[in-house]
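Visitor: I should like to go through this protein model with you, one question at a time. May we begin by looking at it?

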Amino acid sequence: MKIIVDVMGGDNAPLETVKGAFWATKEFPDTEFILIGDKQQIEEIAKENEFDLGRVEIVHADEVITMEDNPVLVVRGKQSSSMSVGLRMLAEGQGDAFVSTGNTGALFTGANLIVRKLKGVLRPGIGAIIPFENPVLLMDTGANVTVTEENLEQFGVMGAAYMRKMYGIENPRVGLLNNGSEECKGTELQQAAYKRLMANPDINFVGNIEGNSAAFGTCDVLVTDGFTGNIFLKSVEGLGKLLLGKIKGMFKSTLLTKLAALCMLKQVKVLKKQFDSSEHGGAPILGINKPVIKAHGSSNAKAFKNAIRQAIKCANSGMNEEIAAAAQSYADRRKAERDLAKQEKNKA
């Protein structure tokens, strides 16, 4: 197993990303790692932190894709950037998965144009696990701002395949994020997607899911467009931080509450860990030929190490093969639908 790591993207790179990568080498001693970035900076950070460079291969990259860069630059402009170099290495078979904290649009564009889509996939999408009591895969979370009903249907197909392989859920429940639970709710897009999801025999569709019920075990996969999904995800993350902060302030308010906090320390730690985004690694771009993981742009070393852990799990799980089979089945069904419609039109 070989993981390619872009250590130059993100707000805290390269210090936190290099630290996270070296922490991963200790946690996964049987995995090989390729660090892409400024070789001198990587070596300096390794020296300052007494990291063993013998455990990693360093590939020098002269440029960095910044958060402000046009996503197309990853393919047509900054081809010697750490992200571009790493994606090409992945496409060429020099690694089994790729991890980056860099520009989301550039990573998504590069994954599509360099690593390429799986056969049968209409549009890849970014899936993120929301840390509710029962983890929920939200897809899409920012890659596809505008979608069709067929895109939403296939997000459900790919998301279900992911949850089967990564979380061991035999028959994942798929829900459609909407402004009401009734079939007639939503815009024309949601109404059309509802019909397609309901008619798909490969999906355990449980209907429309409202934002206020998603946290209560209503589904395992929640599909939506990237614009809505990104807002929903960040709202949940922000609310989680707010509530944890309020709980912390409450426990510190008086001597009595401080004593109560000591009694509940274990439970509070479990709650904090559940809502800590750094514990859940990154978000996979589902529908790409090999696993590509987008870590949060503000990742610290712990979060980046966990994103690498997720990349290793994705590569080992057979997740991509499961999604490829599901995508091919979906493509075959769509072709059969089109052929049938064409025959009926000719008869008419």
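**Cysteines, core, strands and helices**

Guide: This is a predicted model. One cysteine, C263, is exposed, with a relative accessible area of 65%.

Visitor: Is C219 buried or exposed?

Guide: Buried means a relative accessible area under 20%. The value for C219 is 0%, so C219 is buried.

Visitor: How many disulfides does a search of the whole structure find?

Guide: A disulfide is a covalent bond between the sulfur atoms of two cysteines. The two sulfur atoms must lie within 2.5 Å. For C219, the closest cysteine sulfur is that of C184, at 19 Å, which is too far for a bond. Over the whole structure, the number of disulfides found is 0.

Visitor: Which helix gives the largest share of the largest nonpolar core?

Guide: In soluble globular proteins, nonpolar side chains tend to be buried together. Here the largest nonpolar core has 57 residues, and I3, F33, Y162 and I308 have the most contacts inside it. The largest share of this core is 9 residues, and the helix that supplies them, spanning residues 149–167, is α6.

Visitor: How many residues has the other core, the one that includes I4 and F98?

Guide: This other core lies apart from the largest one. Among its residues are I4, F98, I126 and A214, and its size is 37 residues.

Visitor: Which residues of strand β4 point the other way from A97 and V99?

Guide: In a regular strand the side chains alternate between the two faces of the sheet. Strand β4 covers residues 97–100, and all of these are buried. With A97 and V99 pointing one way, those pointing the other way are F98 and S100.

Visitor: Which residue of strand β11 does F98 stand opposite?

Guide: Strand β4 runs parallel to strand β1 (residues 2–6), with 3 bridges joining them, and the partner of I3 in β4 is A97. Strand β4 also pairs in the parallel sense with β11 (residues 292–294), over 3 bridges. In β11, the residue opposite F98 is V292.

Visitor: At what angle do helices α6 and α11 pack?

Guide: Two packed helices are described by the angle between their axes and the distance between the axes. The contact involves Y162, K165 and M166 of α6, and Q310, K313, C314 and S317 of α11. Helices α6 and α11 are roughly perpendicular to each other, because an angle of 65 to 115 degrees counts as such. The axes of α6 and α11 (residues 301–317) are 10 Å apart, and the angle is about 100°.

Technical notes. Residues numbered from 1 in each chain as written. Predicted model: local features only at pLDDT ≥ 70, side-chain atom pairs only at ≥ 80, totals over all residues. Heavy atoms only, no water. Core = buried A, V, L, I, M, F, W, Y, C linked by side-chain atoms within 4.5 Å. Buried < 20%, exposed > 50% of the residue type's maximum accessible area, 1.4 Å probe, protein only. Helix = DSSP H or I, 4+ residues; strand = E, 2+ residues; numbered from the N terminus. Pairing = 2+ DSSP bridges. Axes fitted to C-alpha atoms, helices over the stretch in contact; angles between N-to-C directions. Parallel < 35°, antiparallel > 145°, perpendicular 65-115°, else oblique. Contact = heavy atoms within 4.5 Å.
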